Amino acid sequence: MATQISAGNRGERDHGDCWVCFEPGAGNLDIQVEGGEGADRREILETFAGQVLSHCGVEAGRLRIVDQGAAEYVLAARIEACLRRGGYPEVRYLPGMLAENKGASQARRMRLSRLYLPGNTPKLAAKGADSKAHGIILDLEDSVAPARKFEARILVRNTLQQVDFRGAERMVRINQLPLGLEDLQEIAGQNVHMILIPKCESAATVAAVNDAIARVNGSDGPDIFLMPIIESCLGVLRAEEIATAAPNVVAMTIGLEDYTADLGVRRTGEAIESLYARSHLVNVCKACGIQAIDSVFSDVADMAALADNVARSKALGFEGMGCIHPRQIPVVHENFAPDSKEIDKAKKIVLAFQDATDRGLGVVALGSKMIDPPVVERAQQTISQAVAMELLAADWAAEAVS
C-alpha cells in the first residue's frame, strides 16, 4: 500500500484551514477537492493545486483536499508539507511577498504589546492583524504540537509573505534550539522583524541564532532583531551576558510559567515569587540600553487583575508585556500609557531642556532643581510615546510657547 502523507486540519473549528493528503504513485495525477462552498470554489482550488504541483515538478500521485475555507497561501503550505515528506524534499512554493510586508522595523520602537498566535492555526493570523497589537508573534514553540512543527514552519513562512500585519512588528517565536535552527531556514528570509529565542541561557545561543540567520540571508542581509526569553534560574543569572551577546539584541523578556517551575514555586497574582528575577532583568536591560518586556498574563477573563498586573509591571520599569488574547491589548496599552501627570511633567522638562539649549547653557534647570541628562531622555521618551498614542498633539511644544 502506498504511503499517505497528510497536513492541515479539518475539524469543525478549523475554518480558514484545509486538510491535504498526498499519496505518491505512478500514472496520472489525480486531484480531488471536497467540502468548500460549491462547485466553483472546488474548481478554483483544484486548478490552484495543479499549479502548485506543476511548479514542484509533481506529475504523478493522488492529492486529496478537504476545504475549510483556506486561503491559497494556506493550501500551498499544506501541499508543500505533504510533498516534502512524500518524496520531494527539496520543493518550495512561495506565494510572493505583499508590498505591505516589505517594510523594516526599528531597534527602538514602541513595544507595549505583543500578541502570541499559534503558528499552525491560520484563521487567527488575520484576526491578529486586526488586534492593534504593536507586535504579532507567530508561535512555533509551545502552541504547536511536536508532530506538527514541520508543517507549521512552512505555514508561518507563507503567512509572513501573504498576511498584511497592518504596521505591527512581524515576530516569530522559534523552537528551543537546536530545532529552532530549522525554523530559521524557512522564515529568516521572509522579512521577519524579530525572532524570539525561547529558554535562552547563554550568549552562545544568541550566536547560534545569528549564524543561522546569516546562512540564509548572508552577512549583509536585512536586520533581524532578537528578543531572548529568560525562562530559567540560569537564564536570570546570565541575563547580562545574553543582553550584550549581539548588537541586534534589542529587547529581552521573561517567561514566568517556566521560570517559576524551575524555581519550584507556584506562580501567583501578586508575583512576589518572581520579583527578584523581573527586577534583575529590568536593571540589566536598562544598563545595557535595551527594552525590558514583561511576561504574559494568563487569565484572559480578568481584566481588572490584568490592569493591576500592568501597573506593577510599569512600576518595575518594564516597557511592555505579552498578550495571549486580543481583548488584553487595550488594557495593556491603557495602563502602560503615560498618565496626565507624567505627560505634564515630561512637557515641563523638555521645554526647560529646549530653553537651556537655545540659550547655550550647559545645564538644564526646572525651577530650582537641576535636571540630569537621563531624566531629560526619559521625558523625551514619554512625550514620544504620548504623541504616538494620540494622547498629546504632535505640535504641543509650539502651542506651549505661543
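This report describes the internal cavities, the main sheet and some backbone features of a predicted model.

## The largest cavity

Rolling a probe the size of a water molecule over the atoms shows where empty space is left. In this structure, two cavities of 30 Å³ or more are present. The largest cavity holds about 40 Å³ of space.

Its lining is made up of P118, G119, T121, P122, A125, L138, L155, V156 and T159. By residue class, the lining of the largest cavity contains six nonpolar residues, three polar residues and no charged ones. Helix α4, which spans residues 149-162, gives the most to this lining, with three residues.

## The second largest cavity

The volume of the second largest cavity is about 30 Å³. The residues that line this cavity are I5, S6, A7, A81, C82, R85, F150 and E151. Five of the lining residues of the second largest cavity are nonpolar, one is polar and two are charged.

Three elements, β1 (5-8), α2 (72-84) and α4, each supply at least two residues of the lining of the second largest cavity. The largest share comes from β1, with three residues. Helix α4 thus appears in both descriptions: as the element that gives the most to the lining of the largest cavity, and as one of the elements that supply at least two residues to the lining of the second largest cavity.

## The eight-stranded sheet

Strands of a sheet pair through backbone hydrogen bonds, either parallel or antiparallel. The model contains an open sheet of eight strands with parallel pairing, in the order β11-β10-β9-β8-β7-β6-β5-β12. At the edges stand β11 (291-293) and β12 (321-323); each has a single partner strand, so one side of each is left without a neighbour in the sheet. On average, and with direction ignored, neighbouring strands of this sheet are turned by 25 degrees against each other.

One pairing within the sheet can be followed in detail. Strand β9 (residues 225-230) pairs with strand β10 (residues 251-254) in the parallel sense, over two bridges. The bridge partner of I230 is I254 in β10. Helix α10, formed by residues 275-288, packs on the sheet and touches β9, β10 and β11. The direction of helix α10 makes about 180 degrees with that of β10.

## A cis peptide bond

The peptide bond that leads from L177 to P178 is cis, and its omega is near 10 degrees. P178 is located in the loop between β7 (169-173) and α5 (179-187). Of the two elements that flank this loop, strand β7 also takes part in the eight-stranded sheet, where β8 and β6 stand on either side of β7 in the strand order.

## Residues with positive phi

Two residues that are not glycines call for attention in the backbone. K199 has a positive phi of about 50 degrees although it is not a glycine. K199 is placed in the loop between β8 (194-197) and α6 (203-217). With a relative accessible area of 25%, K199 is partly exposed.

A271 is likewise not a glycine, and has a positive phi of about 65 degrees. The loop that holds A271 runs between α9 (256-263) and α10. A271 is buried, because its relative accessible area of 6% is under the cut-off of 20%. Helix α10, at one end of this loop, is the helix that packs on the sheet against β9, β10 and β11.

Methods:
Residues numbered from 1 in each chain as written. Predicted model: local features only at pLDDT ≥ 70, side-chain atom pairs only at ≥ 80, totals over all residues. Heavy atoms only, no water. 1 Å grid on protein atoms, 1.4 Å probe; cavity = no way out; pocket = protein on both sides within 12 Å on 5 of 7 lines; lining within 4 Å. Points joined across faces, edges and corners; volume = space filled by probe spheres on them. Helix = DSSP H or I, 4+ residues; strand = E, 2+ residues; numbered from the N terminus. Nonpolar A, V, L, I, M, F, W, Y, C, P; charged D, E, K, R; others polar. Pairing = 2+ DSSP bridges. Axes fitted to C-alpha atoms, helices over the stretch in contact; angles between N-to-C directions. Contact = heavy atoms within 4.5 Å. Buried < 20%, exposed > 50% of the residue type's maximum accessible area, 1.4 Å probe, protein only.
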